[in-house]
Amino acid sequence: MEVINEVHVPEPGLIVVDITAADDQTAFAFAAALAALWATTAVERTNRAPGQFGVRLRCSLDMRQRP
């Protein structure tokens, strides 16, 4: 995963979330749970690191806005 910096979170209330899960289904279920609470970016695919267990995905959410 790339480094999070001030470009990703330019103001208070914005959050970048890295999710690591055992499988795609679990990762997407957690992303959907976040989307039910706050406005989030769409997440369409997970990433797999060669030789490492599980999957990862990144989404951004805005705590200032409800979905």
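A polar contact is a pair of N or O atoms within 3.5 Å; within protein, one must be able to donate a hydrogen and the other to accept it, and residues adjacent in sequence count only if both atoms are side-chain atoms. The model is predicted: local features need pLDDT of at least 70, side-chain atom pairs count only at pLDDT 80 or more, and totals for chains, interfaces and linings use all residues. Residues are numbered from 1 along each chain as its sequence is written, and side-chain values use heavy atoms, with hydrogens and water left out.

**Exercise 1. Determine which side chains make polar contacts with the side chain of Arg64, and describe the surroundings of Arg64.**

Step 1. Locate the residue: Arg64 lies in the segment after strand 3. Helices (H or I, at least four residues) and strands (E, at least two) are DSSP runs, numbered from the N terminus.

Step 2. Find the polar contacts. The side chain of Arg64 meets that of Glu11 at 2.3 Å, and a polar contact of 2.8 Å links it to the side chain of Asp62.

Step 3. List the contacts (heavy atoms within 4.5 Å). Beyond its neighbours within four places in sequence, Arg64 touches Glu11, Pro12, Gly13 and Leu14. Gly13 is 51 residues from Arg64 along the chain, yet their C-alpha atoms are separated by 5.8 Å.

Step 4. Assess exposure. Arg64 has a relative accessible area of 46%, so it is partly exposed. Buried means under 20% relative accessible area and exposed over 50%, with partly exposed in between (1.4 Å probe, protein chains only).

**Exercise 2. Establish the order of the strands in the sheet.**

Step 1. Count the elements: the protein chain has one helix and three strands, following the pattern β-α-β-β along the sequence.

Step 2. Identify the pairs; two strands pair if DSSP finds at least two bridges between them. Strand 1 (residues 14-21) pairs with strand 3 in the antiparallel sense over eight bridges, and Ile15 stands opposite Leu61. Strand 2 (residues 39-40) is also antiparallel to strand 3, over two bridges. Here Ala39 has Asp62 as its bridge partner, while Thr40 faces Leu61.

Step 3. Assemble the sheet. The three strands form an open sheet of order 1-3-2 with antiparallel pairing. Strands 1 and 2 are at the edges with a single partner strand each, so one side of each has no neighbour in the sheet.

**Exercise 3. Explain why strand 3 is described as largely enclosed, and find what it gives to the largest nonpolar core.**

Step 1. Consider burial. In strand 3 (residues 55-62), six of the eight residues are buried, so the rest of the structure largely encloses this strand. Across the protein chain, 22% of the 67 residues are buried.

Step 2. Examine the core. A nonpolar core is a set of buried Ala, Val, Leu, Ile, Met, Phe, Trp, Tyr and Cys residues joined through side-chain atoms within 4.5 Å. The largest has 10 residues, including Val17, Ala27, Leu57 and Cys59. Strand 1, helix 1 (24-37) and strand 3 each supply at least two of its residues, and strand 3 gives the most, with four.

Step 3. Inspect one member. Not counting residues up to four places away in sequence, Cys59 touches Ile15, Val16, Val17, Ile19, Leu34, Thr41 and Val43.
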